[in-house]
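Me: I would like a close look at one part of this structure, with the details that go with it. Please keep the answer plain.

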Amino acid sequence: MSQEVTYGKKVYDFLSSVKLGISLLLIIAASSVLGTIIKQGGTPEEYVQLYTQSGYRIIKLFGLDDVFRTWWFILLLFLFALNLFTCSLKRLERDLRRNSKETIPPIENLRKMRNSLYLSGLSLESVTEELKKDYKVLIKEEDGVCLEKWGFSRYGVHFIHFSIIIILLGSLLGLLFGLRGFVSLKKGEEKSYVTLRGKNPEETKLDFLLRCKDFRVDFYADGTPKDYVTEIEILKDGEKIMEKRIRVNEPLKYEGYYFYQASYGKEATFYFEVDGRKRSITDREVFREDGLIMRVMRYEPSIHDFGPGVLVAYLQNGHPETTWFLRDVQKMRLKEIGGKKVEFIDVKEDLYTVLEVTKDPGIYIVWSGFSLLLFGLFTTFFLSPRKVYLRGDSTGTWVAVHSEKRREDSERELKKIGSRFYAQ
Amino acid sequence: MLNETLFLITTFLYLVLIVLILFSEATRKKYLFHSILVVFSFHTLALITRWLESYELGYGHAPLSNYYESLVFFAWCITLLSLLLKKNLRYPSVLHSALAGSLLIMIYANLSPSIERDIKPLVPALQSNWLHFHVSTCFVAYASFFLSFLCGILFFFQSKGSSSTASILEEINWKSVSIGFVFLTAGILTGAVWAHYAWGSYWSWDPKETWSLITWIIYALFLHGRLVKGWTGKKLALLSVIGFLSVLFTYFGVNFLLSGLHSYAT
């Protein structure tokens, strides 16, 4: 039994050691370097070309093509969080214990302290009353008092460490329960699903409908893009719930989803007459009707001076064939393919907007971690706790100031206290 | 435009300042602070003019948006910190070499033919108030780390045997890294919040983000080395140098060698 206890303690001591923390940070930093100099998320061909076949095998084995998402990198972060937690806990215990041992030095020691002064004619009670406005009383004895200001800054380092754990937890939550995807919409189009990002794109349904009222791109005079704006409406059960302009830096937030202006593209719609009947297909679709199977392979907005043209692939008696249609050339406008009379009437190009869609239930935890981290850093580096010791005698009160971090702070604090009483 | 002339004058003033420091005993002591103040005022004036002139062009944005603007702002931050840390600069070589650093950056930024100096409109991704918080905090951090780097280098070149200069250098180094670390953290966090609103993710392991994290880890090691392990002297001086190399890579290396989301800065 006792052996088990010591074994457990050994593991705990190792897990909570500063040495492990520093080693983990170094390994995380080194892996991060790898993650920026080795191409991330490339195709096998690219890796073979860059690093040879055997190089690619090593990259694949350790997941170096996606360092920040490999199991061992996540494990490193997890271990780091554990180390930080246990290490800080140990320190917190020590700090609390040390603080509970506070005593007020005897009067002859106060007198000898570097930063002390004697307030003659002022009783211990009156000095305490005055200082209480800004200081917290820690100990009160019959002829002595210990007060403190900014005592919490002693724990700044704990705020920093725990805030990092909070941030990591928040990001884990986002990783586990969040989602990332996109939705592309043409003007007037409606959708109620999001295409998820990942190796096998899936769709997830939304319980509301997105309608794109408008999308436009504005340019500066010199041709650089100025603004991408998607005007979006959210509908639920046929009713308009909300309307918003999505711009870069101004996402739409609804029911925990964020919609960001990510990019845009152009999609062409081609208009044909097949045996006299009007038909339209987009460049992503395959046309199937009455045995005719065709698809637009290529689109040129202008071929020499003959206007727009499309290269159409079709099946002729089961064999794949291709042919060009030109809108403005009589001979090339109407052709018989796949046993049908096909006429190329026109083409229309539409802009479509691409919205990035995310859901991150951990975001507010991450934000609070951020705030706590900044607060912790500020208190640790720019504030220091000041203690004031008071001892009264028959004619006045001795005041001594002690600042844990810097001697200059004690001097300054003592001056402030002195001027407080002499100004009265 | 006027701002270009003012930046050239500022560069010239930095040159005059350095020459005076090198050859005149008086500037070295008595008038140094006031001379720096004059140069710094011109530098500030040039930045403000550039800001105002961007409104005349109809763009209206702080001069924090491209490579050129980042360089002149970086130099401004170095001079600002040198002024603020004046009391601590009892070892004047740090102050002198910091100003020499500002001069070199200003010469490079204002005279190099490879740098685009025109005021350009902001692309949609940069049109955000977070731009101000993010860029300014990052560059205050970079400037602090530059001072720390100088302390590290000077530590190796100081005359041997004088323990007092070593301790002054260490004190300035410590102060610089403390300020730098707080501001780097603020820079990373404001960047993360901005990335959330602009790109939809507060952290995407973009090379710039990753390298800022690497830099952050190096300075975290510096702080823990001193506070927990009690490191002093050579070890800390070396870490200051390594840390700043990482800063340089985060600033320049990522822009020129790696591609990523932060490509406006090139």
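Which residues make the nonpolar surface patch of about 670 Å²?

Reply: This is a predicted model. The nonpolar surface patch of about 670 Å² is made by Phe12(B), Leu15(B), Val16(B), Val19(B), Leu20(B), Leu22(B) and Phe23(B). One of these residues, Leu15(B), belongs to helix H1 of chain B, which covers residues 2-23. Leu15(B) has a relative accessible area of 38%; because that value falls between 20% and 50%, Leu15(B) is classed as partly exposed.

From this patch, the next topic in chain B is a cavity. The count of cavities of 30 Å³ or more comes to two. The second largest cavity holds about 40 Å³ of space. Its lining consists of Cys151(B), Phe155(B), Leu169(B), Glu170(B), Asn173(B), Gly233(B), Leu236(B) and Ala237(B). Three helices of chain B, H6 (130-157), H7 (163-198) and H9 (233-257), each supply at least two residues of that lining. By class, five of the lining residues are nonpolar, two are polar and one is charged.

Phe155(B), one of the residues lining the second largest cavity, also appears in a distance pair with Ser93(B): the two are 62 residues apart in sequence and 11 Å apart in space, C-alpha to C-alpha. Ser93(B) is in helix H5 of chain B, residues 92-111. At 30% relative accessibility, Ser93(B) counts as partly exposed.

Chain B also has a salt bridge between the side chains of Glu69(B) and Arg50(B), at 2.8 Å from N to O. This pair links distant parts of the chain, with Glu69(B) in helix H4 (residues 67-84), Arg50(B) in helix H3 (residues 32-56), and the two positions 19 residues apart in sequence. Glu69(B) has 2% relative accessibility and counts as buried. Arg50(B), at 1%, counts as buried too. Over all chains, a search of the whole structure finds 42 salt bridges.

Chain A supplies further examples. Lys187(A) and Asp214(A) meet through their side chains in a salt bridge of 3.7 Å, N to O. Lys187(A) lies in the loop between strand E4 (179-186) and strand E5 (190-196), and Asp214(A) lies in strand E6 (residues 203-219), so the pair ties together parts that are 27 residues apart in sequence. Lys187(A) is exposed, with a relative accessible area of 58%, whereas Asp214(A), at 19%, counts as buried. A second pair in chain A is Lys60(A) and Asp65(A), whose side chains form a salt bridge at 2.9 Å, N to O. Here Lys60(A) counts as partly exposed at 46% relative accessibility, and Asp65(A) counts as buried at 11%.

Two residues of chain A have a positive phi although they are not glycine. Thr52(A), with phi near 65°, lies in helix H3, residues 44-62, and is partly exposed, with a relative accessible area of 47%. Glu255(A), with phi near 45°, sits in the loop between strand E9 (252-254) and strand E10 (257-274). The relative accessible area of Glu255(A) is 37%, which makes this residue partly exposed.

Last is Phe152(A), in the loop between strand E3 (144-149) and helix H7 (156-177) of chain A. Phe152(A) is partly exposed, with a relative accessible area of 35%. Phe152(A) and Arg91(A) are 61 residues apart in sequence and 15 Å apart in space, C-alpha to C-alpha.

Technical notes: Residues numbered from 1 in each chain as written. Chains lettered and ligands numbered in written order. Predicted model: local features only at pLDDT ≥ 70, side-chain atom pairs only at ≥ 80, totals over all residues. Heavy atoms only, no water. Patch = residues over 30% accessible without salt bridge, like charges linked within 9 Å, V, L, I, M, F, W, Y side chains within 5 Å. Areas by Shrake-Rupley, 256 points an atom, 1.4 Å probe, with all protein chains shown as cover. Salt bridge = Lys/Arg side-chain N within 4 Å of Asp/Glu carboxyl O. Helix = DSSP H or I, 4+ residues; strand = E, 2+ residues; numbered from the N terminus. Buried < 20%, exposed > 50% of the residue type's maximum accessible area, 1.4 Å probe, protein only. 1 Å grid on protein atoms, 1.4 Å probe; cavity = no way out; pocket = protein on both sides within 12 Å on 5 of 7 lines; lining within 4 Å. Points joined across faces, edges and corners; volume = space filled by probe spheres on them. Nonpolar A, V, L, I, M, F, W, Y, C, P; charged D, E, K, R; others polar.
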